[in-house]
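Got the structure open in your viewer? Let's take a walk through it, one selection at a time.

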Amino acid sequence: MGFSLFSSTFIHPQLKPLVAQMTLLDTLLFYVIHFVDKLGLWHRFPVFLGLAYLGIRRHLHQRYNLLHVGGVNGHKYDTQEFAYRTADGTCNHSSDDLIGSQGTFFGRNMPPSTSKYGLLDPHPTLVASKLLERKDFKDTGKQFNMIASSWIQFMIHDWIDHLEDTEQVEIRAPDEISSGCPLKSFKFHKTKKLSTCSPYLKTGTLNTRTPWWDGSVIYGNDKVGMRRVRTFKDGKLKISADGLLEHDEKGIPLSGDVRNCWAGFSLLQALFVKEHNAVCDMLKVHCPNFDDEWLYRHARLVTSAVIAKIHTIDWTVELLKTDTLLAGMRINWYGFLGKRFKDMFGHICGPILSGLVGLRKPRDHEVPYSLTEEFVSVYRMHSLLPDKIVLRDIKSSSSENKCPPILEEVPMGEFVGKEGERKLSKIGMEQMLVSMGHQVSGAVALRNYPSWMRNLVAHDVNGEDRPDPIDMAALEVYRDRERRVAPYNEFRRNLLMIPIGKWEDLTDDEIVIEALREVYGDDVEKLDLLVGLHAEKKIKGFAISETAFFIFLLIASRRLEADRFFTTNFNSKTYTEKGLEWVNKTENLKDVIDRHFPEMTKKWMRCSSAFSVWDSMPHPINYIPLYLRPAP
Ligand code: HEM
């Protein structure tokens, strides 16, 4: 329904067409957030008001930023019979067995780009060389460590990957910059495009991973992958005697997802295989009569929920380190009334008071669940990766601030793929985990994209090295354009954000502004999304841009609320009482590390979260109740 009464000069002119589509109530709600946006205020609000702003924003995004791509099959099935996570993600949505399964279309948060510029305008290698490539390493202070950056790759490999075409493309760097490019040209596979039944999009792209938060990164994305990793004894997954992943005869790890792996990522896979196996042991003690299949299914449910919980109330809280987001993320899991209330009374109120987890019915806002093309783009965060890994001596007895002395620095490239796996098995799980805990990650900022990734041997789906190295920085720019993801300003408009009018609205950094002008002239509409997200002035405490965050605000909730196993079936009948208790008692990654390495964090970790740099100070005690905390 259109409502034009409010289309006054108050609204940014470029947002008027979007607002004209809204209902009266939503128009009023839009007015509220737009007013706050004009003053740049929401993140300076006291917690309570900040939460109200985010609540309104999320509501509007749920109404106007979820677009389904592809058909619906409408094939019903018996949800009681499938009270477990299937190998390929089928049978989760209660009235359509295929929704959210492997090989379904990526959805959209906005219509595909209407940009008039070509795929090579400006040239992706020019963008990579002038704006992305690392000049000096910028880090996140003590906020985010290498476990945190590996964690997000661990999650990406649980959720998303694009099906590629067999057809290849070659990109050649323009002569004027080719001498400074590690690769003068590189070849890669196009993204596969298939026709859809969607009115606004003729072709779409397929997700080769299961988009549900189902731990497919360790369990696999289909039956073949699932069989590869299982022992078929007591529900357990394969793991080596040294606690790391097992490998096949070629040296490729045996895990749910092995593409573009590196040691930090495979270490987290191994940690959660250990977690899965520990859940199997626990379940077997309490339910000795059940078989391998029963134990596997229940341990998978529990371990996937532990992963989702850690991401929600530990990792994200460290990424967006403000009181408002701490409150918001806890509300998503436990609800406004908090953990103690939910432990005592269960999920008896609605999503706000009792949280998304445990809702009686999944909520998909009438758009079938998928992850989206835009979600992939905002997670392009390879600049989190450093140039080298700093190995620590955990045998040392000297440990100032629980920080072991440095042993050696190893180029990051040596930790990738099979070579990385060999190195990791020599180093061992404990030394690698402590070293990564003490090393800060790179910052998501311009001119901080790892140079070694501009000449990268990427992997096939099966973990084999590809013959042609790629320039990842340039490729990422190309990918967004190829997939018709809106450029930065169009993206912001579609998210009801105020677009930039000049480079100075984006950043205060004069060197960056000069480089932006060199690449894009004065045309802010041309600015690539990836560049804009990396250039944007950050909210204090946020390690990512506000623009990327608004996509997370929508999708982070959706991953929980649309999933039957976090809503209808998040109960003791499906998880078992002991299984649910396991999830409930695990609050963060430190709890998991402590379970498997009881002495490690006591000896080597000073801070509160395993995702911040381990020698940093713990969170200070704050006596003001969270919701009543004042503006930062
Ligand atoms: C050593 C570590 C890593 C390596 C070697 C690596 C390598 C790659 C490669 C080769 C691709 C496919 C490029 C293409 O053909 O389009 C890719 C995609 C991607 N990577 Fe990474 N990556 C690493 C870590 C990370 C991290 C830390 C993140 C953080 C969020 C990340 C996020 C993504 C995303 C979002 C995609 C796009 C997936 C898609 O197109 O569906 N990666 N990565």
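**Stop 1: the ligand and its pocket**

Start by selecting the ligand: it occupies the second largest pocket. A molecule counts as sitting in a pocket or cavity if more than half of its atoms lie within 2 Å of its grid points. Those points belong to a 1 Å grid over the protein atoms alone: a cavity is a set of points where a 1.4 Å probe fits but cannot get out, while a pocket is an open set with protein on both sides within 12 Å along at least five of seven lines, and lining residues have an atom within 4 Å of a point.

Before you click on, note that this is a predicted model, where local features need pLDDT of at least 70 and side-chain atom pairs count only at pLDDT 80 or more, while totals for chains, interfaces and linings use all residues. Residues are numbered from 1 along each chain as its sequence is written, and side-chain values use heavy atoms, with hydrogens and water left out.

**Stop 2: around the ligand**

Now show the residues around the ligand (a heavy atom within 4 Å). There are 22 of them, and His162, Tyr379, His382, Arg479 and Arg483 come nearest. By class, this shell has 13 nonpolar, five polar and four charged residues. Here Ala, Val, Leu, Ile, Met, Phe, Trp, Tyr, Cys and Pro count as nonpolar, Asp, Glu, Lys and Arg as charged, and the others, Gly among them, as polar.

Which helix gives the most to the shell? That's H5, with four residues. Color H5 (146–159) and H17 (472–482), since each of these helices supplies at least two residues of the shell. Helices (H or I, at least four residues) and strands (E, at least two) are DSSP runs, numbered from the N terminus.

Next, zoom in on some side chains. His162 has a side-chain N or O atom 2.7 Å from an oxygen atom of the ligand. For Arg479, a polar side-chain atom is 2.6 Å from a ligand oxygen, and for Arg483 the distance is 2.9 Å.

Then find the iron atom of the ligand: what is its only protein donor? Select His382, whose NE2 atom is 2.1 Å away. Donors are N, O and S atoms within 2.8 Å of the metal (3.2 Å for Na, K and Ca), and water is not among the atoms, so sites may look incomplete. His382 itself is in the loop between helix H14 (373–378) and strand E5 (388–392).

**Stop 3: the whole pocket**

Zoom out to the second largest pocket, which holds about 940 Å³ of space. Its lining has 44 residues, with His157, Asp161, Asn260, His382 and Met472 closest to the centre. H5 has the largest share of that lining, five residues.

**Stop 4: a closed space**

Of the four cavities of 30 Å³ or more, go to the largest, at about 90 Å³. A volume is the space filled by probe spheres set on the grid points, which are joined across faces, edges and corners. Among the 14 lining residues, Arg108, Lys193, Leu201, Thr203 and Arg483 lie nearest the cavity's centre. Strand E4 (residues 201–204) gives the most to this lining, with three residues.

**Stop 5: two backbone oddities**

Most residues other than glycine have a negative phi, and most peptide bonds are trans. Select Asp121 and Pro122: the peptide bond between them is cis, with omega near -10°. Finish at Asp234, a non-glycine residue with a positive phi of about 55°, in the loop between helix H8 (223–229) and helix H9 (263–286).

Conventions
Polar contact = N/O pair within 3.5 Å; in protein donor to acceptor, adjacent residues only side chain to side chain.
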